[in-house]
Amino acid sequence: MKLVNYYKTFLNNFKQKIIPLVYQNDLKKLGLFYETKWGEEQGDHMYVQHYEKHFYSIRRKNLKILEIGIGGYDNPNEGGNSLKLWKTYFPNSRIYGVDVVDKKALEEDRIQIFQGSQNDEYFLKKVIEEIGELDIIIDDGSHVNEHVITSFKTLFSSLKDGGIYIVEDTHTSYWPSLFGERWSTFGNKNVYLENLAKVGGSLDLNDPKTSMNFFKRLIDGLNHEEFLFPGYIPSYFDKHIVSMHFYHNLIIMYKGNNIEGSNILENNTLRPYILEELGVKSLDDLGLDFASVSDQYIRYRL
Ligand SMILES: C[S@@+](CC[C@H](N)C(=O)[O-])C[C@H]1O[C@@H](n2cnc3c(N)ncnc32)[C@H](O)[C@@H]1O
């Protein structure tokens with residue numbers, strides 16, 4: 001019997017070590033092996049195909065990758081599947097995990113873990129102070145709309161030039177908080193249900209408080225140099241988001257220098273040669289209603 005157990009443990013350890021090595025360049029197989037970011041059937045998350053497209057060419061680089069949300073919820077010894085996935089797929093990178101539950105027990109070589117809430121700006125800044133600027137940030141934490149926005153606003157500036165910021169599970173934008181006031185009367189709270197109770201999405205597709213609407217508004221910032229609004233002051237996001245890729249429940253954003261110049265505008269007003277061609281001396285002569293547009297542009301300054 002002892003021998004059988006020994007053999008089983010040996011086989012299991014062998015499987016845990018060898019299979020990831022065999023699959024290390026195939027994110028789909030790794031996702032299925034670690035049971036994360038996977039999905040082949042309707043209803044599963046289909047993130048692997050997108051991750052593969054964005055990550056394949058950089059997987060051998062020496063990167064710093066932070067993932068919010070380690071998995072396993074209230075159990076401190078469970079989770080860490082995606083951290084292991086990234087550790088295998090990025091063999092020369094350091095992987096950092098953040099979770100509101102203490103998951104330190106899951107630390108291993110090249111995987112460092114911090115405990116705190118993604119909605120706590122002070123905590124996030126302390127983490128960055130310790131680990132420095134990052135190449136990739138993945139938000140797979142609470143999926144509470146307010147938390148997703150806080151984390152992005154706090155962490156985006158800590159990405160390196162060329163860095164990538166990813167938000168998973170944006171479907172919570174469309175779900176109103178469940179249970180509402182009744183939540184306080186429920187016993188047996190756990191992190192998962194607590195977040196679901198206050199997820200803060202909306203049935204209104206234009207509700208400005210949802211994470212999807214927050215990110216949708218940032219899209220216009222890609223073209224901030226084309227805003228015909230003299231005096232417009234570009235935000236940090238206007239100047240540093242160079243592309244945004246929206247997929248089903250997933251957003252992938254790249255950081256860079258978003259200052260290309262416009263051929264018609266300069267400093268958000270018409271270039272002199274355009275005014276000349278239009279036969280006017282200044283923008284004022286065109287009689288545009290800037291009073292009404294200013295509100296709109298101010299709203300973009302998130
Ligand atoms: C969906 S699981 C993460 C799964 C993991 N990334 C994977 O792919 O295997 C979400 C995790 O976020 C954690 N979490 C919940 N609320 C959080 C918060 N406010 N800040 C940080 N982590 C949170 C939960 O404890 C849970 O472990």
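1. Strands E4 (134-139) and E5 (residues 159-168) run parallel and are joined by five bridges. Strands and helices here are DSSP runs, numbered from the N terminus, of at least two residues (E) and at least four residues (H or I) respectively; two strands pair if DSSP finds at least two bridges between them. Within this pairing, Ile 136 is placed opposite Ile 164 of E5. The connection from E4 to E5 passes through H6, and this β-α-β crossover is right-handed, the term meaning that, with the strands pointing away from the viewer, the path from the first strand over the helix to the second runs clockwise.

2. The model is predicted: local features need pLDDT of at least 70 and side-chain atom pairs count only at pLDDT 80 or more, while totals for chains, interfaces and linings use all residues. Residue numbers start from 1 along each chain as its sequence is written.

3. E5 also pairs with strand E7 (residues 250-255), in the antiparallel sense and over five bridges. In that pairing Ile 166 stands opposite Ile 252 of E7. E5 is mostly covered, since seven of its ten residues are buried. A residue is buried if 20 or more other C-beta atoms lie within 10 Å of its own, exposed if 12 or fewer, and partly exposed in between, with C-beta atoms placed from the backbone.

4. The wider sheet is open, with seven strands in the order E3-E2-E1-E4-E5-E7-E6 and mixed pairing. Its edge strands, each pairing on one side only, are E3 (111-115) and E6 (241-247). From one strand to the next the twist averages 15°. E1 and E2 pair in the parallel sense over five bridges, and Ile 68 stands opposite Val 98 in E2.

5. Helix H8 (residues 211-221) lies across E5, E6 and E7 and runs at about 135° to E6. For such angles, axes are lines fitted to C-alpha atoms, for helices over the stretch in contact, and values run from 0 to 180 degrees between N-to-C directions. Contact requires the C-beta atoms of two residues, placed from the backbone, to lie within 7 Å.

6. The ligand is surrounded by 25 residues, of which the closest are Gly 69, Gly 71, Ser 82, Gln 118 and Ser 142; a residue belongs to this shell if its C-beta atom, placed from the backbone, lies within 6 Å of the molecule. Elements giving two or more residues to the shell are strand E1 (64-68), helix H4 (81-89), strand E2 (94-99) and helix H7 (191-197). By class, the shell has seven nonpolar, 14 polar and four charged residues. Ala, Val, Leu, Ile, Met, Phe, Trp, Tyr, Cys and Pro count as nonpolar, Asp, Glu, Lys and Arg as charged, and the others, Gly among them, as polar.

7. Two backbone angles deserve a remark. Most residues other than glycine have a negative phi. His 143, however, has a positive phi near 65°. His 143 lies in the loop between E4 and helix H6 (145-155) and counts as buried because 25 C-beta neighbours are inside 10 Å. Asn 268 likewise has a positive phi, near 60°, and is found in the loop between strands E8 (265-266) and E9 (269-270). With 18 other C-beta atoms within 10 Å, Asn 268 is partly exposed.

8. Gln 49 belongs to helix H3 (residues 48-55) and is partly exposed, having 13 other C-beta atoms within 10 Å. Gln 49 and Met 244 are 195 residues apart along the chain, and their C-alpha atoms are separated by 17 Å.
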